[in-house]
Amino acid sequence: MSETLLYLIQQLINGLTIGSTYALIAIGYTMVYGIIGMINFAHGEVYMIGSYISFIVIAGLLGMGMVSLPLILFIALVIAVLIASTYGWTVERVAYRPLRGTNRLIPLISAIGMSIFLQNYVVLSQGSRDVALPPMISGGWTFGDPSLFEVSFSYMQLFIWVATFITMLGLTLFISRSRMGRACRACSEDLGMTNLLGVDTNRVIAMTFIIGAALAAIAGLLLSLYYGVVNPFIGFMAGLKAFTAAVLGGIGSIPGAVLGGLILGVTEALTAAYFPSEYKDVVAFSLLILILLFRPSGLLGKPEVEKV
Amino acid sequence: MKKFTRTLLSVGTALCLYGAAAQADTIKIGLAGPATGPVAQYGDMQKIGVLAAIEQINKAGGVNGMLLEGVIYDDACDPKQAVAVANKIVNDGILHVVGHLCSSSTEPASDIYEEEGVLMITAASTSPSITEKGYQMIFRTIGLDSMQGPFAAQYIINSVKPKNMAIIHDKQQYGEGLATAVKNEVEKAGIKPVMFEGVTPGDKDFSALIAKLKRNNVDFVYYGGYHPELGLILRQANAKGLDARFMGPEGVGNPDISKIAGEASEGLLVTLPQSFEKDPANQALVKAITDKGEDPSGPFVFPAYSAIEVMTAAMTATGTTDTEKLADYIRANTFKTTTGELSFNEKGDLKEFSFVVYDWHADGTKTPVQ
């Protein structure tokens with residue numbers, strides 16, 4: 001293989017890894033929007049809280065002398081998902097449910113307020129500095145001619161891909177096969193009608209927030225393992241990128257969120273690869289604007305019909 | 001009733017007098033810098049230095065019979081908040097400020113201080129453009145990027161002699177300013193950097209950038225910016241097997257970089273102001289700071305200390321707190337401080353300031369490079 005091709009493969013691997021995690025966070029935005037037509041700006045902070053909890057649990061277990069890596073990751077995953085879901089549920093219950101049915105802008109402002117509150121709450125309780133973990137999963141494969149360009153694919157990257165894939169598969173099955181999933185789909189089609197037909201829509205909406213938060217916590221765990229660093233400000237940027245991914249793929253569409261995340265991640269990596277890396281965000285967001293100009297509802301989104 | 005009114009009046013008058021007396025007894029010194037946010041540890045360094053200086057001076061009887069009092073303001077290294085802080089300082093009637101810390105905060109704030117006649121000495125902002133506007137009230141007790149950049153470049157040219165050099169910066173005033181200074185200087189010596197690129201502060205993923213460094217066979221990287229990003233770059237470069245040496249300015253030189261990067265921070269080169277805490281003449285002071293449970297080794301601790309020394313020396317010599325007289329005096333004289341003999345040029349910058357190249361270690365310690 002030529003050097004150019006090897007380099008391209010390396011950048012695609014990098015891009016798909018970032019993209020997978022954008023996708024995981026983007027699903028939380030897209031599901032909530034799909035059902036109640038609201039953008040939950042506090043979602044990025046739930047991801048940040050998921051990262052912090054994973055950190056605290058992992059550091060705690062390592063400190064207690066636990067050595068089995070799969071067990072540590074499993075415990076961290078369960079605790080992070082549980083606590084982050086509780087946050088997701090509470091945020092909905094406290095800040096959004098009382099405002100449902102009012103002007104659309106009001107829950108939006110409430111969401112921004114919630115985001116600022118959660119960020120500052122973590123700053124005050126955990127401090128504002130970077131917290132770091134030692135590398136947990138190191139090593140990987142390398143291939144390609146070392147004299148040309150050596151492609152590296154780390155175990156951690158594979159772990160992220162696999163974890164994202166399994167999560168997505170589980171979510172798809174849940175939405176398409178389970179009773180609750182059917183209720184979710186019904187709500188996203190017509191919330192009022194579903195309510196009239198006897199489905200407890202409040203429960204469905206609460207469930208949506210819980211699922212979104214759980215996925216954000218998984219992303220939080222994966223990324224805190226991958227980068228090894230968290231601070232209270234990571235939620236803002238991650239939330240912004242994931243929101244972009246959701247809009248790019250068509251907000252309200254779950255496959256769209258995945259596709260949007262992957263496209264955004266790969267675009268960023270390829271831009272950094274072939275142009276000066278400071279243009280990374282410029283190109284990624286120009287792409288967003290271009291796609292929205294030609295497909296206002298995103299790649300896989302359904303054109304919105306104004307409900308009368 | 002009349003009696004009651006009179007009592008009230010006299011109490012009121014007494015309170016007024018008390019207020020005036022309290023004001024005359026202390027000189028308030030504003031301390032502006034990040035107390036929160038990702039670079040709060042640099043704000044701590046400045047705070048440690050300033051508060052130690054105030055304590056020492058008060059212990060020795062204060063200045064012109066008045067005691068000093070430090071008032072802390074938090075700008076979170078955010079230019080918008082820095083402007084708000086500067087306005088608040090002016091409204092609070094404070095006339096003497098040590099700060100701000102981040103160049104991008106100091107620059108907008110210094111406009112306000114100059115206009116309102118507030119004397120400001122920064123102990124940490126190194127961007128040359130701060131003093132370019134011909135201010136009267138703005139000074140600094142630290143070197144400039146335009147001194148540190150060329151110093152780092154000389155070391156690169158004479159000692160590192162890289163084959164393929166890359167320069168990365170964080171697109172901020174401080175980082176990009178340094179990176180540009182290094183680039184200009186090494187180019188003069190015939191070293192053409194193969195890459196000159198920016199990263200976004202707060203980014204966590206540098207894998208694409210590292211693949212590019214690998215592809216260009218980069219063996220030496222100069223990074224202009226702060227430790228959170230460089231820490232992650234080092235960590236990810238190590239995981240990806242990039243075989244290159246890194247160098248950075250004082251913004252990366254604090255133990256947190258070793259917490260983030262772990263063993264990948266071993267061998268990092270850092271240019272820092274010389275370690276004033278190692279100076280035998282400062283040992284009593286170092287002990288006073290460590291006795292309080294604080295760390296005297298940060299690069300901004302002693303420059304912050306000497307900022308207070310310069311301010312108070314000028315107050316003692318002129319017998320006033322009038323900022324215009326103080327500014328004139330500071331420009332015209334030489335001060336003996338814990339960071340050596342300081343004298344200022346017309347712009348308010350130090351005439352001389354020396355840097356040292358350090359070899360960073362994975363445990364967060366450093367040793368000077370010979």
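This report covers the fold of chain A and the salt bridges of a predicted model.

**Chain A**

Chain A holds eleven helices and four strands. Its radius of gyration is 20 Å, close to the 19 Å that the globule rule gives for 308 residues, so chain A is as compact as a globular protein of that length. The C-alpha trace spans about 65 × 50 × 35 Å along its principal axes. Buried residues account for 50% of the 308 residues in chain A. Take the contacts in chain A between residues at least 6 apart in sequence: 75% of them join residues at least 24 apart. The chain exposes about 14000 Å², and carbon and sulfur atoms supply 71% of that area. Chain A has 15 positive and 14 negative charges, with mean positions 15 Å apart.

**Salt bridges**

Side chains of opposite charge can pair when their charged atoms come close. Over all chains, the structure holds 22 salt bridges. Three in chain B are tabulated here, with N to O distances.

| Acid | Base | Distance |
|---|---|---|
| B:Asp78 | B:Lys80 | 4.0 Å |
| B:Asp111 | B:Lys133 | 3.8 Å |
| B:Glu197 | B:Lys212 | 2.7 Å |

B:Glu197 lies in strand 7 and B:Lys212 in helix 7 of chain B, so this pair ties together parts that are 15 residues apart in sequence. B:Glu197 is buried, at 6% relative accessible area. B:Lys212 is buried too, at 8%. In chain A, salt bridges that share partners join A:Glu92, A:Arg97 and A:Arg100 into one network.

B:Asp78 is partly exposed, at 23% relative accessible area, and B:Lys80 is exposed, at 65%.

Technical notes: Residues are numbered from 1 along each chain as its sequence is written. Chains are lettered from A and ligands numbered from 1 in the order in which they are written. This is a predicted model: local features need pLDDT of at least 70, side-chain atom pairs count only at pLDDT 80 or more; totals for chains, interfaces and linings use all residues. Side-chain values use heavy atoms; hydrogens and water are left out. Helices (H or I, at least four residues) and strands (E, at least two) are DSSP runs, numbered from the N terminus. The radius of gyration is taken over C-alpha atoms; the globule rule is 2.2 Å times the number of residues to the power 0.38. Buried means under 20% relative accessible area, exposed over 50%, partly exposed in between (1.4 Å probe, protein chains only). Contact means heavy atoms within 4.5 Å. Accessible areas come from the Shrake-Rupley method with a 1.4 Å probe; for residues, only the protein chains shown count as cover. Lys and Arg count as positive and Asp and Glu as negative; His and the chain ends are not counted. The place of a charge is taken as NZ of Lys, CZ of Arg, CG of Asp or CD of Glu. A salt bridge is a side-chain nitrogen of Lys or Arg within 4 Å of a carboxyl oxygen of Asp or Glu.
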